[in-house]
Amino acid sequence: MKELIQQAMKARLKSYAPYSGYFVGAALLCRDGTVYTGCNIENAAYSPTNCAERTAIFKAVSEGKRDFVRIALVGGRSDTEKAPSPCGVCRQVMAEFCDPDEFEVVMAKSETDYQVFKLAELLPHAFSF
């Protein structure tokens with residue numbers, strides 16, 4: 001868990017958040033051990049903004065990965081804020097690619113201060129076909 005959180009912290013440093021000042025990093029663990037990182041990338045028009053979680057997931061999917069174990073998130077306007085929680089859009093994207101009863105979402109302030117939730121806890125009635 002510590003290593004995944006550390007990778008999310010490194011990804012956070014690459015965030016582009018000149019409008020909100022809210023910098024987020026994510027590290028997505030695939031079942032085969034591969035890790036994909038992502039950061040949030042803002043845009044002046046706001047709707048084209050992409051969250052760190054979706055950046056990591058889309059990078060993995062674009063490389064042919066579909067079997068995910070967990071994602072670690074870190075971020076905020078400062079290091080003293082509470083751990084970030086995925087937005088509704090990110091939760092729905094996770095539901096598209098992850099088993100809600102197995103996939104873990106790690107919301108971290110640091111390597112030792114974090115909470116772990118199953119996706120089903122965060123999005124109990126996800127939309128699906």
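**Close-up 1. Buried residues of helix H3 in the predicted model**. In helix H3 (residues 88-97; helices are DSSP runs of H or I with at least four residues, strands are runs of E with at least two, both numbered from the N terminus), the residues Cys90, Arg91, Val93 and Met94 are buried, meaning under 20% relative accessible area with a 1.4 Å probe and protein chains only. Because these residues cover an arc of only 160 degrees around the axis, taken from the directions between the helix axis and the C-beta atoms, they lie on the same side of H3. An α-helix has 3.6 residues a turn, so residues three or four places apart point the same way. The partners against which the buried residues of H3 pack, with contact meaning heavy atoms within 4.5 Å, are helix H2 (52-62), strand S3 (68-76), strand S4 (104-108) and helix H4 (119-122).

**Close-up 2. The two covered faces of strand S4**. Five of the five residues of S4 are buried, with Glu104, Val106 and Ala108 on one side and Val105 and Met107 on the other. In a regular strand the side chains alternate between the two faces of the sheet.

**Close-up 3. Strand S4 and its pairing with S3 and S5**. S3 and S4 run parallel and are joined by four bridges, where pairing requires that DSSP finds at least two bridges between two strands, and Arg70 has Glu104 in S4 as its bridge partner. S4 and strand S5 (residues 114-118) run antiparallel and are joined by five bridges; Met107 stands opposite Gln115 in S5, and a hairpin of five residues joins S4 to S5.

**Notes.** Residues are numbered from 1 along each chain as its sequence is written, and side-chain values use heavy atoms, with hydrogens and water left out. In this predicted model, local features need pLDDT of at least 70 and side-chain atom pairs count only at pLDDT 80 or more, whereas totals for chains, interfaces and linings use all residues.

How values were computed:
Buried < 20%, exposed > 50% of the residue type's maximum accessible area, 1.4 Å probe, protein only.
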